[in-house]
Every structure is written in C-alpha cells, then in structure tokens.
Amino acid sequence: MAVKRILRFPDEEARLRKPSENVKKINSKIRTLVQDLKDTLATYPGAGLAAPQIGVHQRVALVRLGQNEGALQPPLTLINPEILSEGPLSKGFDGCLSLPKIATWDSLRPSWLRFRAMGEDGETFEMRVEGINAIVVHHEIDHLDGIFFLDRLSEDAKLFIAIETQDGEKMVELDSLAFRGLTSPPAKDSNP
C-alpha cells in the first residue's frame, strides 16, 4: 500500500496524545491501515508501530516479538488490544520511532503482561509476553491511549541520544529533566 510519514515529538505531540477509537469492523479501510503500518515499519528500525503514529486514531498496532530470543518475528497485528493482567513494574529499555535516536534504560513497564487483541483476520486471541516483548506490547498500547514513553520514566531516569561520531554512532546522555519539561502527561480522567 504505502509507507507513511511518522509523526514526531515534540512538534506533533498533540496528535500523538489523542486517544484512539476502537475498530468496529475489519473492512478494507482497516486492512489498508494494517498494510500501511507494515510497509512503514519495514522501512524503520523499530519493534512496533501504532496507527496514531501515522496520524490515524484507530486502535491498531503492530509488534515484532522475539526480542528476548534475539530473533525478531514478522509483525503481529493487534486490533483493539487490551491488557488483562500484568506483572510488577521494572526498569527497562524504551525508545520510539516518533522520537528517533532518543532512548532510555529507565522506563517503568510491567515485567510481563497478558493481553487480548483481534488479529487482522478478525479472530480474537490472548497472549502472555515478558521482558522486552512485554515492553514493546505495552509501549504500543500506550500509543493507542495517547500515552508517550516519556510518561513512563522513573524519577532518576537518564535519556540518551544517538549521535554520529568519526568512530560511528555513540549514545550521549541528555539532561532528562529539561527534556521532560517539553511535555506534560495526559490529563487524568476525573471519573472513577
């Protein structure tokens, strides 16, 4: 179908923070969206991509599992995903195609999670993932809820940026407090 432009933080933060709507029916529009996500993810070095990152606010995301084993699997389509249960929070790696070259090893995410989603074939499935795979699934579901990975940083988090040097790419620490000042977490729902 098409490789789409990925929205970037902070310039397009408002669009990235808009929560997505549930998919009511898998039709040609949704199948085209899934293929656009696949085509786009294939051109970037990422482990996942959510529809809001290409400006479409539908609950559709792709994840590439196999991170823990060191062998990425083909993209798995998640339509209307929901987390059913999750393990304790732990610090781990996080990065985002909407904030390229920025990474942290201090993102607080569940050590494991169990989720339910619909595949592109319309069949509902449940899966349990752990470690980096849990981070990837949680990260993409966050995008569908308008939550950005910067919202998940621990108090003492360090952010790093990849810069090109004469010796290749090098990770350099950013002033994470100043960087986090660029954004504000989404408003909490006041309804219980």
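## Exercises on a predicted model: sheet, backbone and salt bridges

Five strands form an open sheet in the order 1-2-3-6-7, with antiparallel pairing; strands and helices are DSSP runs numbered from the N terminus (E, at least two residues, for strands; H or I, at least four residues, for helices), and two strands pair if DSSP finds at least two bridges between them. The model is a predicted one, in which local features need pLDDT of at least 70 and side-chain atom pairs count only at pLDDT 80 or more, while totals for chains, interfaces and linings use all residues. Residues are numbered from 1 along each chain as its sequence is written, and side-chain values use heavy atoms, with hydrogens and water left out.

**Exercise 1. Identify the edge strands of the sheet, and describe the pairing of strand 1 with strand 2 and of strand 6 with strand 7.**

Step 1. The edges are strand 1 (48-50) and strand 7 (124-130), each of which pairs on one side only. From one strand to the next, the twist averages 40°, where axes are lines fitted to C-alpha atoms, for helices over the stretch in contact, and angles run from 0 to 180 degrees between N-to-C directions.

Step 2. Strand 1 pairs with strand 2 (residues 60-63) in the antiparallel sense over three bridges, and within this pairing Leu49 stands opposite Leu62.

Step 3. Strand 6 and strand 7 run antiparallel and are joined by seven bridges, with Trp112 standing opposite Glu130 in strand 7. These two strands form a hairpin with five residues between them, and Gly122 in the turn has a positive phi of about 90°.

**Exercise 2. Determine which strands helix 2 and helix 3 lie across, and at what angle each runs to strand 2.**

Step 1. Helix 2 (residues 28-42) lies across strand 1, strand 2 and strand 3 (76-86), and runs at about 35° to strand 2; contact here means heavy atoms within 4.5 Å.

Step 2. Helix 3 (residues 132-144) lies across strand 1, strand 2, strand 3, strand 6 (112-118) and strand 7, and runs at about 160° to strand 2.

**Exercise 3. Examine the backbone at Pro10, Asn80 and Lys101, and state where each residue is found.**

Step 1. Begin with the general expectation: most residues other than glycine have a negative phi, and most peptide bonds are trans.

Step 2. The peptide bond from Phe9 to Pro10 is cis, with omega near 5°, and Pro10 is found in the segment before helix 1 (13-16).

Step 3. Asn80, in strand 3, has a positive phi of about 50° although it is not a glycine. Its relative accessible area of 18% makes Asn80 buried, since buried means under 20%, exposed over 50% and partly exposed in between (1.4 Å probe, protein chains only).

Step 4. Lys101, which lies in strand 5, likewise has a positive phi, near 75°; with 45% relative accessibility, Lys101 counts as partly exposed.

**Exercise 4. Analyse the salt bridges Glu12 to Arg15, Glu120 to Lys38 and Arg59 to Asp145, giving the N to O distance of each.**

Step 1. Apply the rule that a salt bridge is a side-chain nitrogen of Lys or Arg within 4 Å of a carboxyl oxygen of Asp or Glu; by this rule the count comes to 15.

Step 2. Between Glu12 and Arg15 the closest N and O atoms are 3.9 Å apart. Glu12 counts as buried at 16% relative accessibility, whereas Arg15 counts as partly exposed at 39%.

Step 3. Between Glu120 and Lys38 the closest N and O atoms are 2.8 Å apart. This pair links distant parts of the chain, with Glu120 in the loop between strand 6 and strand 7 and Lys38 in helix 2, 82 residues apart. Glu120 is partly exposed, with a relative accessible area of 37%, and Lys38 is partly exposed at 22%.

Step 4. The side chains of Arg59 and Asp145 meet at 2.7 Å, N to O. Arg59 lies in the loop between strand 1 and strand 2 and Asp145 in the loop between helix 3 and strand 8 (159-165), so the pair ties together parts that are 86 residues apart in sequence. Arg59 is buried, with a relative accessible area of 10%, while Asp145 counts as partly exposed at 34%.

Step 5. A network of salt bridges links Glu82, Arg114, Arg116 and Glu126.
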